[in-house]
Amino acid sequence: MLEFDLLVIGGGPGGYVAAIRAAQRGLRVCVVEKDRPGGVCLNWGCIPTKAMVRSAEVYHALCTAAEFGVVAENVRYDFAVVRERRDAVVTELADGVAGLLEANGVTLIEGHARFVEPTVVEIHEAGASPTFDGGPRYAAPAGPAVRRVCARDVIVATGSVPAQLPIPGAELPGVVTSDGAFGLTEVPSRLVVIGGSAVGAEWASLFATYGAEVVVVEMRNRLVPSEDDEVGEALGRSFRRRGITVLTGATVTAITEGDGGALRVSIAGPAAHELDADIVLVGVGRRPNTAQLGLEVVGVETDARGFIEVDDRLRTSVEHVYAIGDVTGRALLAHVASHQGVAAADMIAGHGAHLDYSVIPAATFTHPEIASVGLTEDAARAAGHEVVIAKFPFAALGRAKTVGETEGFVKIIAGRAHREVLGVHIIGPSASDLIAEGALAMSLEATLEELAGTIHAHPTLGEIGMEAAMAGLGLPVHIAPRKKR
Ligand code: FAD
């Protein structure tokens, strides 16, 4: 039996970050990972999607090059190369994670871990190797236990997997989850995306750029429902302008085999109808990845949806067993998993830990991009805040004009009495980078006056936060002031 101070099950952005921090704190650490290091984020989520988004951006830039006085004729894309580049980026980063674990003295064991006692796991040969063909990846352990590992403390960081849609036809060939979408070897001519949240919206935007005819079906009344209302509505308008059909308040009730190998998708809602698609991409929901983990053997409690319950120190119901990341269902984001990983490792190593969920930025890499941090306008009002809304459009920003990306706006929610920033919502160019200032403003409890009074380099997209703050104070420079009534 191998013995360690800390055993981490799962090598995603929660697990590998926890392992590195714990090793740096002087613990003897082992990570068991059944797939490639890096988890969903690196192999099936954040990174491969963004690599494909980048190819789409380059393609789009060339398609619109004439506007910029650049002649680019016969522009076309090669989807095989798009995939190759994506896979190369992923492989390089996954190798980098393995290298970092090694450099920090962390033992990485490949296999599927299953609890036999609270701090003892047996490792089985993993069922399926990672592929990008959409094949089974979450298969149960294939072989007998090959060895046992025990540790003083265990962190469960096994992440999440796509939720299955409980509708007839969900198992038909051509109906893929986000994982399966990576296996597509060509851009579908007709794509139906079920779910208009971050994952579904990103895939819809991406394939629309490559020329697919895309329909997004979203149950709620607008896209990206967790974002501020105005942002979701703006994304809907933008998608429609790009030719994407957005059906809100609608649900897919069944998928059947249609004519000529197509899939027939039945849609219920205000405008119930059927439509044909080559591929249906299910982008709704995630469930915890706890299959064959043996949680029940050791008595780790889960909530009604199967996510592991943890207290404010990330402890599960079983002593010496912690859980972090998606498997806790807290906020299914890579940077939250990593934040929890660092905190768990520090606590286990006997250091004080800083676990703070009050400022969690999030980005969605659609075109236009979306990013946000803090409260939406509705949430702020529902929480009893009297608010000031500070807004500024990219169309009024010099830098946005020069880059030719003038769609969207920044909306800051601030407290009425003290003007403290309660939330920042961006739709537009480089939103995913610009949100860092909003997150810092919230961390430092900055006010609109402080944002407005900070000199921002000109001409930059970053000026938009300052401009919005000035508008929120009733002192806009580059947009007309609101008429006094
Ligand atoms: P995971 O990354 O899921 O890693 C868990 C690991 O545990 C996996 O490698 C798995 O193989 C392993 N494992 C599971 N069970 C066992 C076992 N029994 N034994 C051994 N190993 C096991 N988040 C963002 O912040 N930004 C984004 O832009 C973003 N884009 C996304 C796009 C898509 C398409 C998807 C699906 C997700 C995206 N996410 C994004 C979410 C992000 O990927 C997750 O929040 C993040 O990966 C969670 O990290 P984790 O460490 O908790 O788990």
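Valine 224 sits in the loop that runs between strand S10 (213-218) and helix H7 (229-241); helices (H or I, at least four residues) and strands (E, at least two) are DSSP runs, numbered from the N terminus. The model is a predicted one, in which local features need pLDDT of at least 70 and side-chain atom pairs count only at pLDDT 80 or more, while totals for chains, interfaces and linings use all residues. Residues are numbered from 1 along each chain as its sequence is written, and side-chain values use heavy atoms, with hydrogens and water left out.

Backbone geometry makes a good starting point. Most residues other than glycine have a negative phi, and most peptide bonds are trans. Valine 224, although not a glycine, has a positive phi of about 35°. This valine is buried, with a relative accessible area of 3%; buried means under 20% relative accessible area, exposed over 50%, and partly exposed in between (1.4 Å probe, protein chains only). A positive phi, near 65°, is also found at arginine 419, whose place is in the loop between strand S21 (409-415) and strand S22 (421-427). Arginine 419 is partly exposed, at a relative accessible area of 24%.

Two cis peptide bonds can be added to this picture. One joins histidine 367 and proline 368, with omega at about 0°, and proline 368 belongs to the loop between strand S18 (362-364) and strand S19 (370-374). The other links histidine 458 to proline 459, with omega at about -10°; here the proline lies in the loop between helix H13 (448-452) and helix H14 (463-472).

Strand S18 also holds alanine 362. Leaving out residues up to four places away in sequence, alanine 362 touches Leu333, His335, Ile370, Ala371 and Ser372, where contact means heavy atoms within 4.5 Å. The C-alpha atoms of alanine 362 and glutamate 227 are separated by 9.6 Å, although these positions lie 135 residues apart along the chain count.

The ligand is surrounded by 39 residues, the closest being Gly14, Glu33, Val40, Asp326 and Ala334; a residue is near a molecule if one of its heavy atoms lies within 4 Å of it. At least two residues of this shell come from each of strand S2 (29-33), helix H2 (39-44), helix H3 (46-63), strand S4 (112-117) and helix H9 (334-348). H2 gives the largest share, 4 residues. By type, the shell divides into 16 nonpolar, 17 polar and 6 charged residues, with Ala, Val, Leu, Ile, Met, Phe, Trp, Tyr, Cys and Pro counted as nonpolar, Asp, Glu, Lys and Arg as charged, and the others, Gly among them, as polar.

Oxygen atoms of the ligand lie 2.8 Å from a backbone N or O atom of valine 40 and 3.1 Å from a backbone N or O atom of cysteine 41. An N or O atom in the side chain of histidine 112 is 3.4 Å from a nitrogen atom of the ligand. The protein covers 95% of the 1000 Å² of accessible area that the ligand has on its own (Shrake-Rupley method, 1.4 Å probe).

Histidine 112 leads on to glutamate 122, since the contacts of glutamate 122 beyond four places in sequence are His112, Ala113, Arg114, Val116, Ala145, Arg147 and Arg148. Glutamate 122 is found in strand S5 (residues 120-124) and counts as buried, at 15% relative accessibility. The side chains of glutamate 122 and histidine 124 are joined by a polar contact of 3.1 Å, that is, a pair of N or O atoms within 3.5 Å; within protein, one must be able to donate a hydrogen and the other to accept it, and residues adjacent in sequence count only if both atoms are side-chain atoms.
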